[in-house]
Amino acid sequence: MVADSIAVYIHFPFCLSICPYCDFDRQATGFDRIGVYLGAVERELRQYAPRGERVHSIFIGGGTPSLMSVAQVRRLLEVVRDQFDVTSNAEITLECNPGDADVAKLIGFRAAGATRLSFGVQSLDDAFLKVLGRRHSSDEARQAAAWAKRADFAFNLDFMFGLPAQTLEHWQRTLDQAVELEPDHLSCYLLTLDEKVQMGRDVARGKLVLPADDDLAEMYTATRRQLADAGFEQYEISNWARPGQASRHNLTYWRDGQWIGLGAGAASAYHGRRWKNTPVLERYIASVSRSGVADTVEDETPDAQTRMLDALTLGLRLREGISLDGFERRFGVQLTELLGETGDWLLAGGFLETDAERIRIDAEHQLIANEILVRVEEALADYVRRETRAAQIASR
Ligand SMILES: C[S@@+](CC[C@H](N)C(=O)[O-])C[C@H]1O[C@@H](n2cnc3c(N)ncnc32)[C@H](O)[C@@H]1O
Ligand code: SF4
């Protein structure tokens, strides 16, 4: 990835129906507003008056971007190219729901400039696809993978594990079947349910039962082993790729790079500022029509502590971890000193591992990464308290 280039994310929030586990910014209404919405995205893009900024990745995510026509995708990509210097080998990903796009449409997306597809497959078992409220069948998912190859795309398949009543053996079979589809990239997410979503409420009421924690840990270990045996390299907690096929777009986020997000609910991290556009479609459209700029629901210029926290919590998700030297150069503090006793404890307990150059979460402990990151956050807060106190004493 080119360090001085940025990524562009475009959000397409429309879905034909809402899956009962999904907590993303999406809606199954307002289809008559798609044209107006895309016009607003274009207008929002135009605020970045051509600056010659280099772009190494464009990701059109959702929602269900495969509902867009080929002409709409082509138009969006043209506008991005008008506003930015999109590098000749840029990764240009379109998120697709299997069953939405036939081979002719995929070939059209390829001709429009997309280079990579990401399919939300979730499962290759029709019974589970039904529980998940998916509109596609396992055969349609297989067909979509074959068509992606025919249309000359690099492609990712998203799966979820830890589904209600799922067994280890079932998940292992899914992984074997996933590998048979010859994807370049696999994302395997642990199903995580918010109480706001239908499946979360069903679990809370006991209507659905999720696998026990020990079973989830075994499923995760099996994922790592099976995908490694099949030639995939794990590069992030939930992401595996054939050599050279790691997603440059996702790496931009985890390496704490810069990106511009366009559309309702899209987040951006650009020139030291972080913001999130309003996820409310009509408010987004109205604000952009009025001023060319979207209303935001979050907007901040993070202080040093927040920037350090972001660098740590994002970088530690990666198998490559964080460069000790790079961290010190960027923030002027040694990472091991910052982590202090908590860091020593995390290292001694085998939760973190380090060599002379980098620090990362131990491979066997990735499933509890969130708990480890909470300790890292506490260590950072302790460090800031120590430093503030030392500065107060020095100034007396
Ligand atoms: C932004 S979503 C949208 C993808 C696309 N609309 C689809 O559903 O096919 C990207 C991926 O996040 C994952 N995902 C969504 N909700 C999840 C949840 N509650 N727990 C874990 N993973 C989830 C799914 O694997 C999904 O394919
Ligand atoms: S999982 Fe995908 S298709 Fe389902 S509601 Fe969420 S964004 Fe839409």
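**Figure 1. Arg-330 and Asp-256 meet in a salt bridge.** This view, like the others here, comes from a predicted model. Arg-330 is partly exposed, with a relative accessible area of 44%. Its partner Asp-256 is buried, at 13%. The two side chains come together at 3.0 Å, N to O. Asp-256 sits in the loop between H9 and E9, while Arg-330 belongs to helix H12 (residues 324–331), so this pair ties together parts that are 74 residues apart in sequence.

**Figure 2. Domain 1 and domain 2 share an interface with salt bridges and polar contacts.** The domain assignment splits the protein chain into domain 1 (6–254) and domain 2 (304–395). Where they touch, 13 residues come from domain 1 and 10 residues from domain 2. If you look for the domain centres, taken over C-alpha atoms, you'll find 31 Å between them. About 1100 Å² is buried between the two domains, and carbon and sulfur atoms give 61% of that area. Three residues to pick out are Arg-224, Ile-237 and Trp-254: together they supply 47% of what domain 1 buries against domain 2, more than any other three residues. The rule also finds 2 salt bridges across this interface, along with 4 residue pairs in polar contact.

**Figure 3. Helix H8, strand E7 and helix H9 each give two or more residues to the side of domain 1 that touches domain 2.** In this closer look at the interface, H8 spans 213–229, E7 spans 233–236 and H9 spans 248–254. The largest share, 4 residues, comes from H8. Sorted by type, the residues on this side of domain 1 divide into 9 nonpolar, 2 polar and 2 charged. Also worth finding is the salt bridge between the side chains of Arg-317 and Glu-236, at 2.7 Å, N to O.

**Figure 4. Helix H3 packs its buried residues against two strands and two other helices.** H3 covers residues 103–111, and its buried residues are Val-103, Lys-105, Leu-106, Gly-108 and Phe-109. What do they pack against? The partners are helix H2 (70–83), strand E3 (85–96), strand E4 (116–122) and helix H5 (138–150). Just past the helix, look for Gly-113, which has a positive phi, near 120°.

**Figure 5. Asp-139 and Arg-142 pair up within helix H5.** These two residues are 3 apart along H5, about one turn of the helix. An α-helix has 3.6 residues a turn, so residues three or four places apart point the same way. Asp-139 forms a salt bridge with Arg-142, and their closest N and O atoms are 3.8 Å apart. Asp-139 is exposed, at 55% relative accessible area, whereas Arg-142 is partly exposed, at 28%.

**Figure 6. The side chain of Asn-277 reaches the backbone oxygen of Gly-263.** The distance here is 2.9 Å. Are these two residues buried or exposed? Asn-277 is buried, with a relative accessible area of 0%, and Gly-263 is also buried, at 0%. Asn-277 is part of strand E11 (residues 273–277), while Gly-263 sits in the loop between strand E9 (259–262) and strand E10 (267–270). Leaving out residues up to four places away in sequence, Asn-277 touches several others, including Glu-44, Tyr-284, Ala-294 and Thr-296. On the same basis, the neighbours of Gly-263 include His-11, Tyr-37, Val-41 and Tyr-284. The C-alpha atoms of Gly-263 and Tyr-284 are 7.5 Å apart, although 21 residues separate the two along the chain.

**Figure 7. Arg-283 and Asp-295 form a salt bridge, and Arg-290 also touches Asp-295.** In the salt bridge, the closest N and O atoms are 3.0 Å apart. Arg-283 lies in helix H10 and Asp-295 in the loop between H10 and strand E12 (296–300), so the pair ties together parts that are 12 residues apart in sequence. Both partners are partly exposed: Arg-283 at 38% and Asp-295 at 23%. Arg-290 is found in H10 (residues 281–291) and is exposed, with a relative accessible area of 59%. Besides Asp-295, Arg-290 touches Arg-43, not counting residues up to four places away in sequence.

**Figure 8. Five residues are linked in a network of salt bridges.** The members are Glu-42, Arg-46, Arg-75, Glu-78 and Asp-82. For the wider picture, the structure holds 24 salt bridges.

Definitions and conventions
Residues are numbered from 1 along each chain as its sequence is written. Chains are lettered from A and ligands numbered from 1 in the order in which they are written. This is a predicted model: local features need pLDDT of at least 70, side-chain atom pairs count only at pLDDT 80 or more; totals for chains, interfaces and linings use all residues. Side-chain values use heavy atoms; hydrogens and water are left out. Buried means under 20% relative accessible area, exposed over 50%, partly exposed in between (1.4 Å probe, protein chains only). Contact means heavy atoms within 4.5 Å. Domain bounds come from an automatic or database domain assignment. Buried area is the accessible area (1.4 Å probe) that two parts lose on being put together, summed over both. A salt bridge is a side-chain nitrogen of Lys or Arg within 4 Å of a carboxyl oxygen of Asp or Glu. A polar contact is a pair of N or O atoms within 3.5 Å; within protein, one must be able to donate a hydrogen and the other to accept it, and residues adjacent in sequence count only if both atoms are side-chain atoms. Ala, Val, Leu, Ile, Met, Phe, Trp, Tyr, Cys and Pro count as nonpolar, Asp, Glu, Lys and Arg as charged, and the others, Gly among them, as polar.
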